[in-house]
Amino acid sequence: MCTAIISVDPSSPVPVLLVGVRDEFVARAWEPPGPHWPDRPGLVGGRDLRAGGTWLAVDPGAPRAAVVLNGRGVMAPEAGRASRGELPLRVAADGKLGRPDLAAFDPFHLVGAEPDRVRLWSWDGTALTERALGPGLHMIVNSGLEGEGQLEGETEDAYMAARLAHFRPLLAAAPRPEPRLEDPVERAWGAWLPLVDGDGLPRADHRALLPLLDLGDGRVWGTTSVSLVALGRTGLRYDFSAVPGDPRAWTRVR
């Protein structure tokens, strides 16, 4: 997961909106959102088939959502390394991070969202920080909230900075959606939908929200799915696209 977008408006009937853009090697196998975890029967999310976890999970009954991104810092020892895909399951199920053995996890940024609060945990391999995300628009990339940890001269960070510079003002200026359960996806997400479909940028553009890059030797890396989650007071809506950039590919997750 390379980009998370969160909008918080406590006065809205839909106080929290969450966009999760997952970037990965496209050959890495996964399953679309579903109730994949028998030990956590209330959770729904896409399942990574290599490690068994997820990048984004929701608990419709809570309602609650959680999403994880790779972070920056000291990597965990190879022996005993745990998958970060466990973390959204933990937060979506329990509403809290708890006390996992953080030393077993590579650096991450983890968002836990409920209608009345949104929290961001960031682990750099040595220290954990926790902060509340208050009213307004927030964008998180691998270098952190609003790219606060970007490194000058790093190509990847320059791309993330360009992405933030392009999409943040467009999202902020667009009318904030208030998705209803009965609405088709176009009406539910309104002016945000063409933006999260990429805003017409080529996927190799350095500003792209939905990158797709051929790294050679048969390795292709880029956005493999996009999730839209709306958290209301009594329930949530979850829309999903496994064909990023195609406005016809959106489906409701029920």
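# Reading the labels on a predicted model

Colleague: Why is Glu31 called partly exposed rather than buried or exposed?

Modeller: In this predicted model, Glu31 has a relative accessible area of 27%; buried would require under 20% and exposed over 50%, so Glu31 falls in between and is called partly exposed.

Colleague: What makes the contact of Arg47 with Glu31 a salt bridge?

Modeller: A side-chain nitrogen of Lys or Arg has to be within 4 Å of a carboxyl oxygen of Asp or Glu, and the closest N and O atoms of Arg47 and Glu31 are 3.5 Å apart, so the pair qualifies. Because Arg47 belongs to strand S4 (residues 44-48) and Glu31 to strand S3 (residues 30-34), this bridge ties together parts that are 16 residues apart in sequence. Arg47 itself, at 25% relative accessibility, is partly exposed. As background, side chains of opposite charge can pair when their charged atoms come close.

Colleague: How do you know that Arg72 and Asp157 form a salt bridge, and which parts of the chain does the pair tie together?

Modeller: Since the limit is within 4 Å, the N to O value of 2.2 Å for Arg72 and Asp157 satisfies it, and the two side chains are therefore counted as meeting in a salt bridge. Arg72 is in the loop between strand S6 (64-70) and H1, while Asp157 is in helix H2 (residues 155-173), so the pair ties together parts that are 85 residues apart in sequence.

Colleague: Which of these two partners, Arg72 or Asp157, is called buried?

Modeller: Asp157 is, because its relative accessibility of 3% is under the 20% limit. Arg72, at 29%, is above that limit but not over 50%, so Arg72 counts as partly exposed.

Colleague: What makes Glu86 and Arg40 a salt bridge between distant parts of the chain?

Modeller: With the cut-off set at within 4 Å, the 2.8 Å from N to O lets the side chains of Glu86 and Arg40 count as a salt bridge. Glu86 sits in helix H1 (residues 86-94) and Arg40 in the loop between S3 and S4, 46 residues apart. Glu86 has a relative accessible area of 26%, and is therefore partly exposed. Searching the whole structure gives 21 salt bridges, and a network of them links Arg64, Glu114, Arg117, Arg119 and Glu130.

Colleague: How many aromatic pairs are found, and why is the one between Trp30 and Trp55 called edge-to-face?

Modeller: The whole structure holds three aromatic pairs. The ring centres of Trp30 and Trp55 are 5.7 Å apart with the planes at 90 degrees; centres within 6.5 Å make a pair and planes over 60 degrees apart make it edge-to-face, so both conditions are met. Trp30 is in strand S3 and Trp55 in the loop between S4 and strand S5 (56-59), so this pair ties together parts that are 25 residues apart in sequence. Trp30 also forms an edge-to-face pair with Phe240, at 6.0 Å centre to centre and 70 degrees between the planes. That second pair links Trp30 in strand S3 with Phe240 in strand S14 (residues 236-241), 210 residues apart. Trp30, Trp55 and Phe240 thus form one aromatic cluster.

Colleague: How do you know whether Trp55 and Phe240 are buried or exposed?

Modeller: Trp55 has a relative accessible area of 4%, and Phe240 likewise has 4%; the limit for buried is under 20%, so Trp55 and Phe240 are called buried.

Colleague: What makes you say that the charged end of Arg22 sits over the ring of Trp55?

Modeller: The charged end of Arg22 is 3.9 Å from the ring centre, which can be set against a limit of within 6 Å; the label also requires a position within 35 degrees of the ring normal, and Arg22 is reported as sitting over the ring.

Colleague: Why is Arg237 called buried, and what does its side chain reach?

Modeller: Arg237, in strand S14, has a relative accessible area of 2%, and because this is under 20% the residue is called buried. Its side chain reaches the backbone oxygen of Arg180 at 2.6 Å, against a limit of within 3.5 Å for a polar contact. Beyond four places in sequence, Arg237 touches residues including Pro179, Asp183, Trp189 and Arg252.

Methods:
Residues are numbered from 1 along each chain as its sequence is written. This is a predicted model: local features need pLDDT of at least 70, side-chain atom pairs count only at pLDDT 80 or more; totals for chains, interfaces and linings use all residues. Side-chain values use heavy atoms; hydrogens and water are left out. Helices (H or I, at least four residues) and strands (E, at least two) are DSSP runs, numbered from the N terminus. Buried means under 20% relative accessible area, exposed over 50%, partly exposed in between (1.4 Å probe, protein chains only). Rings of Phe, Tyr and Trp (its six-membered ring) pair if their centres lie within 6.5 Å; planes under 30 degrees apart count as stacked, over 60 as edge-to-face and the rest as tilted. A polar contact is a pair of N or O atoms within 3.5 Å; within protein, one must be able to donate a hydrogen and the other to accept it, and residues adjacent in sequence count only if both atoms are side-chain atoms. Contact means heavy atoms within 4.5 Å.
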